[in-house]
Amino acid sequence: MTQVAVLGTGIMGAAMARNLLRNGHGVAAWNRTAARAEPLAADGAAVAASPADAVRDADVVITMLNDGETALAVMNDAAPALRAGQVWAQMGTVGVADVPALARLAADHGLTFVDSPVQGTRQPAEQGRLVVLAAGPQDARKALGPVFDAVGGKTVWLDEDGASGAGTRLKLAAVSYAISLTSVVAESVALTKGFGLDPSLLGEVLTGGPLDSPYLQTKMKAMLDGDFEPSFAVRNAEKNTRLIHDSAEAAGVRVDVNDAAGERFRRAIEQGHGDEDMAATYRASFAD
């Protein structure tokens with residue numbers, strides 16, 4: 001059994017904590033909004049009052065937080081209880097430029113830093129089928145193997161130095177695909193409706209053909225049904241478009257489709273849909 005501190009228990013972090021518990025690991029959970037962590041007590045987690053309380057007895061510390069700035073602030077809050085030799089798996093989505101500061105904080109406290117964001121949304125998180133994109137030293141992999149196996153269906157090891165940000169770089173490339181594809185599907189569904197046709201006809205054209213995919217079917221169904229229960233919220237998708245833009249700009253790459261998707265997400269947020277699933281970018285095609 002590995003003792004794991006899970007800092008950040010939103011949709012993804014809570015699902016990961018439950019899968020860790022189901023696989024026999026000990027979990028201490030903390031969330032800035034305590035009500036988001038408290039239900040985990042019924043699953044066997046110790047709900048901590050502070051980041052420091054959560055990490056005190058941990059072998060592995062997982063951060064599943066909104067951005068790099070938040071991850072840095074929370075780990076600084078945890079610092080009085082950190083101890084040399086702990087493994088820090090930074091599993092949230094941050095920008096490439098955020099990784100060096102996170103790695104420095106780890107080094108300052110004698111932690112082994114592993115850059116290990118996950119690819120996947122609510123359903124694969126609940127099923128323990130996330131893809132872990134990891135960069136970190138060989139000696140951390142034995143400790144993290146059972147942890148990553150509990151939350152993910154596959155781990156892709158990319159580099160032996162977490163500070164390289166290889167996991168974060170691949171995550172941003174992968175999430176840009178999902179974000180952009182969602183926006184493409186949304187525009188096509190909206191265009192069909194705008195032309196005065198039943199938007200379900202688009203499904204008849206695409207289903208079973210070379211452009212079909214399970215992702216297309218899932219997002220198109222959500223748009224047609226008006227079911228925007230969040231799997232990955234518009235607000236988080238918009239944040240990721242900014243991370244992708246900044247990281248791509250630093251690499252000398254233009255990301256026009258990503259940037260256009262960001263504009264759609266911002267419009268959806270202005271319309272009041274920020275906490276809905278990112279499929280709600282469909283709504284951004286219309287005036288209200």
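Which residue does Arg283 meet in a salt bridge? Its partner is Glu276, at 3.0 Å from N to O; a salt bridge here is a side-chain nitrogen of Lys or Arg within 4 Å of a carboxyl oxygen of Asp or Glu. Arg283 itself is partly exposed, with a relative accessible area of 26%. For that scale, buried means under 20% relative accessible area, exposed over 50%, and partly exposed in between, using a 1.4 Å probe and protein chains only.

A word on what you are looking at: this is a predicted model, in which local features need pLDDT of at least 70 and side-chain atom pairs count only at pLDDT 80 or more, while totals for chains, interfaces and linings use all residues. Residues are numbered from 1 along each chain as its sequence is written, and side-chain values use heavy atoms, with hydrogens and water left out.

Let us stay with the charged pairs for a moment. The structure holds 13 salt bridges, and one network built from shared partners joins Glu238, Arg242, Glu263 and Arg266. Another salt bridge brings together the side chains of Asp275 and Arg235, 3.2 Å from N to O. Asp275 lies in the segment after α11 (256–270) and Arg235 in helix α10 (residues 234–250), so this pair ties together parts that are 40 residues apart in sequence. Helices (H or I, at least four residues) and strands (E, at least two) are DSSP runs, numbered from the N terminus. Asp275 counts as exposed at 56% relative accessibility, and Arg235 is partly exposed at 40%. You can also find Arg56 and Asp53 joined by a salt bridge of 2.9 Å, N to O. Both ends of that bridge are partly exposed: Arg56 has a relative accessible area of 42%, and Asp53 has 38%.

Helix α10 deserves a walk of its own. Its 17 residues should span 24 Å at 1.5 Å a residue, and its end C-alpha atoms are 25 Å apart, which agrees; the expected span is 1.5 Å times one less than the number of residues. Among the buried residues of α10 are Val234, Ala237, Leu243, Ile244 and Ser247. The cover over the buried residues of this helix includes α7 (166–194) and α11. Just after α10, Gly252 takes a positive phi of about 75 degrees.

From α10 we can step across to Gly95, found in the loop between β5 (87–90) and α4 (99–108). Gly95 counts as buried, at 5% relative accessibility. Leaving aside neighbours within four places in sequence, Gly95 is in contact (heavy atoms within 4.5 Å) with Thr168, Leu243 and Ser247.

The aromatic rings come next. The structure holds three aromatic pairs: rings of Phe, Tyr and Trp (its six-membered ring) pair if their centres lie within 6.5 Å, with planes under 30 degrees apart counted as stacked, over 60 as edge-to-face and the rest as tilted. Trp88 and Phe113 have ring centres 5.2 Å apart and planes at 75 degrees, so they are edge-to-face. Trp88 lies in strand β5 and Phe113 in strand β6 (residues 112–115), so the pair ties together parts 25 residues apart in sequence. Both Trp88 and Phe113 are buried.

Tyr282 and Phe286 are edge-to-face too, because their ring centres lie 5.4 Å apart with planes at 75 degrees. Here Tyr282 is buried at 10% relative accessible area, whereas Phe286 is partly exposed at 29%. Finally, Lys193 lies over the face of Phe286, at 5.3 Å from the ring centre; a charge sits over a ring if NZ of Lys or CZ of Arg is within 6 Å of the ring centre and within 35 degrees of the ring normal.
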